Amino acid sequence: MPIYIKENQDKSYFYLCGIRPIREVRLGDGITLMPATSTPTPDDMIDSIMKSNHASEMELGILIATLRMTTAQIKIEGAIGKLLAMKTWNAQQICVLISAILNCDLVWYFQADRPVEMFSANTDIHIIMENVYKIPNECIEVSYEKCSFLETRIEKACKLAEVNEKFYLATNAMWSYRLNFMPAIRISVIWSGIEALFMVDRNIKNTIAIMSSRFIYGNDDMIEDIKTLYKSARCKATHEYKNGTYDLYEKSNELLYKLILKCIDEENTPDVNFLRS
């Protein structure tokens with residue numbers, strides 16, 4: 001769905017479900033993650049959608065289902081009109097990166113012209129995700145420590161995602177695998193993110209195991225464990241459509257998460273040629 005910004009509008013907001021930050025977090029130039037408290041009235045929700053020029057019962061239904069679950073918001077400012085629209089559109093990748101850095105479920109269904117605390121019948125609000133994939137299973141509190149953890153990594157992650165397609169694909173896999181309820185598909189998507197970081201087309205199992213162990217830990221100690229995980233989780237999920245155990249799912253998630261954090265700290269994806277030597 002497109003982003004809607006009025007000609008002279010100078011602020012835009014995404015309403016987020018899945019995280020509850022303790023404090024504001026600077027995400028970039030003119031982009032801020034903020035706590036949110038949502039207490040809309042039913043009449044305001046109905047009027048904001050059904051009296052607009054884009055009235056849709058489906059959109060209203062999603063708003064009713066998610067607005068009271070909004071526990072965070074992203075404010076985008078520092079531009080006006082079309083420039084703000086472009087900045088707002090690009091800020092969606094920051095949402096994906098937040099999910100990857102915090103290893104959490106995160107969705108943003110609506111974009112609006114004001115913070116959720118000021119929501120009223122006159123709010124100019126538009127749906128971003130027309131298809132409701134899922135509502136987060138839980139809302140995690142982003143503590144002061146986690147806010148600082150996010151703050152020190154998000155700008156490096158944004159810069160890397162802009163120039164490195166492998167990192168972009170891996171972080172999108174880290175976010176999007178949660179949208180499916182089938183464990184086998186979840187595991188397959190996680191491993192697609194792991195494999196994207198290396199982009200090898202032969203001897204994949206051994207290469208990923210060696211490169212991952214050396215990149216994350218600086219040694220070969222975890223090679224056999226990663227080989228076993230590849231065979232037990234990735235191969236069975238992809239080729240046999242077997243769901244595996246929750247432990248395999250968790251270990252696959254942990255491997256991709258560690259790889260992503262290491263990429264952010266190194267400000268680059270693994271150099272396969274260097275790690276082979």
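## Strands and how they pair

Two strands count as paired if DSSP finds at least two bridges between them. With that in hand, let's walk through this predicted model, starting with a hairpin. Strands β3 and β4 pair in the antiparallel sense, over three bridges. One of the links to look for is that of Gly28, whose bridge partner in β4 is Ile31. Two residues lie between the strands of this hairpin, and Gly30 takes a positive phi near 75° there.

On to the next pair: β4 and β5 run antiparallel and are joined by five bridges. Met34 has Gln73 of β5 as its bridge partner. Is β4 enclosed or open? Four of the five β4 residues are buried, so this strand is largely enclosed by the rest of the structure.

## The whole sheet

Now zoom out. Six strands make up an open sheet, in the order β3-β4-β5-β1-β6-β7, with antiparallel pairing. The edges belong to β3 (25-28) and β7 (125-127); each has a single partner strand, so one side of each is left without a neighbour in the sheet. On average, and ignoring direction, neighbouring strands are turned by 30° against each other.

Further along the sheet, β1 (residues 11-17) and β6 (residues 107-112) run antiparallel and share five bridges. If you want a spot to click on, Phe14 stands opposite Gln111 in β6.

## The helix on the sheet

Helix α4 (residues 92-102) packs on this sheet, where it touches β1, β3, β4 (31-35), β5 (72-77) and β6. The direction of the helix makes about 150° with that of β6.

How buried is α4? Eleven of its eleven residues are buried, so the helix is largely enclosed by the rest of the structure. The buried residues include Gln92, Gln93 and Ser99 as well as Ile94, Val96 and Leu97. Just after α4 comes Asn103, which has a positive phi near 55°.

## The nonpolar core

The largest nonpolar core has 92 residues, and Ile19, Leu27, Ile74 and Ile98 touch the most other members. Helix α11 (residues 246-266) gives the most to this core, contributing ten residues.

Ile74 is a good residue to centre your viewer on. Leaving aside residues up to four places away in sequence, Ile74 touches Ser12, Tyr13, Phe14, Leu16, Leu27, Ile31, Thr32, Leu33, Cys95 and Ile98. Two of these contacts, Cys95 and Ile98, are among the buried residues of α4.

## The largest pocket

The largest pocket has a volume of about 380 Å³. It is lined by 16 residues, of which Ile31, Asn90, Ile94, Cys158 and Glu162 are the closest to the centre. You have already met Ile31 as the bridge partner of Gly28, and Ile94 as a buried residue of α4.

Which elements build the lining? At least two residues each come from β3, α3 (82-90), α4 and α6 (154-163). The largest share is that of α6, with five residues.

## The enclosed cavity

Empty space can be found by rolling a probe the size of a water molecule over the atoms. In this structure there is one cavity of 30 Å³ or more. The largest cavity holds about 40 Å³ of space.

Its lining consists of Tyr15, Cys17, Thr66, Leu67, Thr70, Tyr109 and Phe110. Strands β1 and β6 each supply at least two of the lining residues, and these strands are the pair joined by five bridges.

Methods
Residues are numbered from 1 along each chain as its sequence is written. This is a predicted model: local features need pLDDT of at least 70, side-chain atom pairs count only at pLDDT 80 or more; totals for chains, interfaces and linings use all residues. Side-chain values use heavy atoms; hydrogens and water are left out. A nonpolar core is a set of buried Ala, Val, Leu, Ile, Met, Phe, Trp, Tyr and Cys residues joined through side-chain atoms within 4.5 Å. Buried means under 20% relative accessible area, exposed over 50%, partly exposed in between (1.4 Å probe, protein chains only). Contact means heavy atoms within 4.5 Å. Axes are lines fitted to C-alpha atoms, for helices over the stretch in contact, and angles run from 0 to 180 degrees between N-to-C directions. On a 1 Å grid over the protein atoms alone, a cavity is a set of points where a 1.4 Å probe fits but cannot get out, and a pocket is an open set with protein on both sides within 12 Å along at least five of seven lines; lining residues have an atom within 4 Å of a point. Grid points are joined across faces, edges and corners, and a volume is the space filled by probe spheres set on the points.
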